[in-house]
Amino acid sequence: MTRLLDRVEALRARITRACEAAGRDPGAVELLPVSKRQPLELIGEAAALGFTRFGENYVQEGADKAKARPDLDFTLLGPLQRNKAKPALEAFAEIQTVDRVELAQRLGRLAEQLGLHRGIWIQMDLWHEASKVGGCAEADLPDLLEAIQAAPRLDLKGLMAIPPPEDANAFAQFAGLRDALEQRLGRSLRLSMGMSGDLETAIAAGSDQIRIGTAFFGERQN
Ligand SMILES: *Cc1c(COP(=O)(O)O)cnc(C)c1O
């Protein structure tokens with residue numbers, strides 16, 4: 001417990017410093033602990049500190065953890081194949097990696113059949129790195145938005161991306177896209193960007209949610 005608490009306190013200090021430097025309210029930046037390849041016991045320790053929502057990358061691992069801890073919420077951060085859409089909807093309260101029309105349509109249909117409402121984020125790739133991490137190209141965004149808006153049980157929360165590390169311009173570019181989209185849709189959208197190594201860059205660019213794995217839990221297991 002002590003080591004986790006130490007890490008979380010160090011992290012909170014980093015977040016506070018980054019917010020002060022950016023003139024932002026630290027309370028406005030959500031810290032999402034990423035518990036992929038971390039044991040349930042550590043999730044339990046984090047829950048004891050008050051964290052109730054965790055990010056996971058693999059459908060099966062996340063489903064196992066969600067089953068073991070029905071009192072907690074899990075968010076999917078890893079790539080989602082269409083054939084895993086059903087277990088993903090059942091296990092995760094939110095899915096951040098919706099990046100193509102066929103996936104959004106399938107999730108929408110299944111959510112209807114299963115009688116579930118789910119939070120959805122669009123994963124964007126403005127930097128042509130999709131081969132590595134997935135993500136929707138800017139040109140494909142209108143069709144994807146349309147598919148999500150046509151699905152009444154999918155609630156669009158915001159945009160997620162993994163900008164190239166150390167590239168402040170890339171983070172600013174992504175924030176600019178979010179701002180333009182908010183204008184166009186006339187509603188607010190959250191921005192999920194920033195990980196252990198680049199949370200300061202992300203906060204400076206306006207991130208609303210940082211997804212933190214190793215700086216929160218320590219090194220991952222294999
Ligand atoms: C693993 C992962 C994180 C957390 O990464 P750390 O560098 O350990 O903080 C955040 N977002 C996504 C999409 C991830 O896959």
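**Exercises on the ligand site and the pockets**

By class, six nonpolar, four polar and three charged residues form the shell around the ligand; here Ala, Val, Leu, Ile, Met, Phe, Trp, Tyr, Cys and Pro count as nonpolar, Asp, Glu, Lys and Arg as charged, and the others, Gly among them, as polar. The model is predicted, with local features needing pLDDT of at least 70 and side-chain atom pairs pLDDT 80 or more, while totals for chains, interfaces and linings use all residues. Residues are numbered from 1 along each chain as its sequence is written, and side-chain values use heavy atoms, leaving out hydrogens and water.

**Exercise 1.** Identify the residues that come nearest to the ligand, and describe the polar contacts.

*Solution.*
- Step 1. The ligand has 13 residues around it, of which K36, N57, S196, G213 and R220 come nearest; a residue is near if one of its heavy atoms lies within 4 Å.
- Step 2. A polar contact is a pair of N or O atoms within 3.5 Å. S196 places a polar side-chain atom 2.5 Å from an oxygen atom of the ligand.
- Step 3. For R220, an N or O atom in the side chain is 2.8 Å from an oxygen atom of the ligand.
- Step 4. R211 has a polar side-chain atom 2.9 Å from a nitrogen atom of the ligand.
- Step 5. On its own the ligand has 390 Å² of accessible area, and the protein covers 89% of it (Shrake-Rupley method, 1.4 Å probe).

**Exercise 2.** State which pocket holds the ligand, and describe its lining.

*Solution.*
- Step 1. A pocket is an open set of points on a 1 Å grid over the protein atoms alone, where a 1.4 Å probe fits, with protein on both sides within 12 Å along at least five of seven lines; lining residues have an atom within 4 Å of a point.
- Step 2. The ligand sits in the largest pocket, as more than half of its atoms lie within 2 Å of the grid points.
- Step 3. The largest pocket holds about 400 Å³ of space. Among its 19 lining residues, K36, N57, I162, M195 and R220 are the closest to its centre.
- Step 4. Seven nonpolar, eight polar and four charged residues make up this lining.

**Exercise 3.** Describe the second largest pocket.

*Solution.*
- Step 1. Its volume is about 200 Å³.
- Step 2. Of its 13 lining residues, R12, V29, E30, L31 and F51 are the closest to the centre.
- Step 3. β1 gives the largest share of this lining, four residues.

Conventions:
Polar contact = N/O pair within 3.5 Å; in protein donor to acceptor, adjacent residues only side chain to side chain. Points joined across faces, edges and corners; volume = space filled by probe spheres on them. Helix = DSSP H or I, 4+ residues; strand = E, 2+ residues; numbered from the N terminus.
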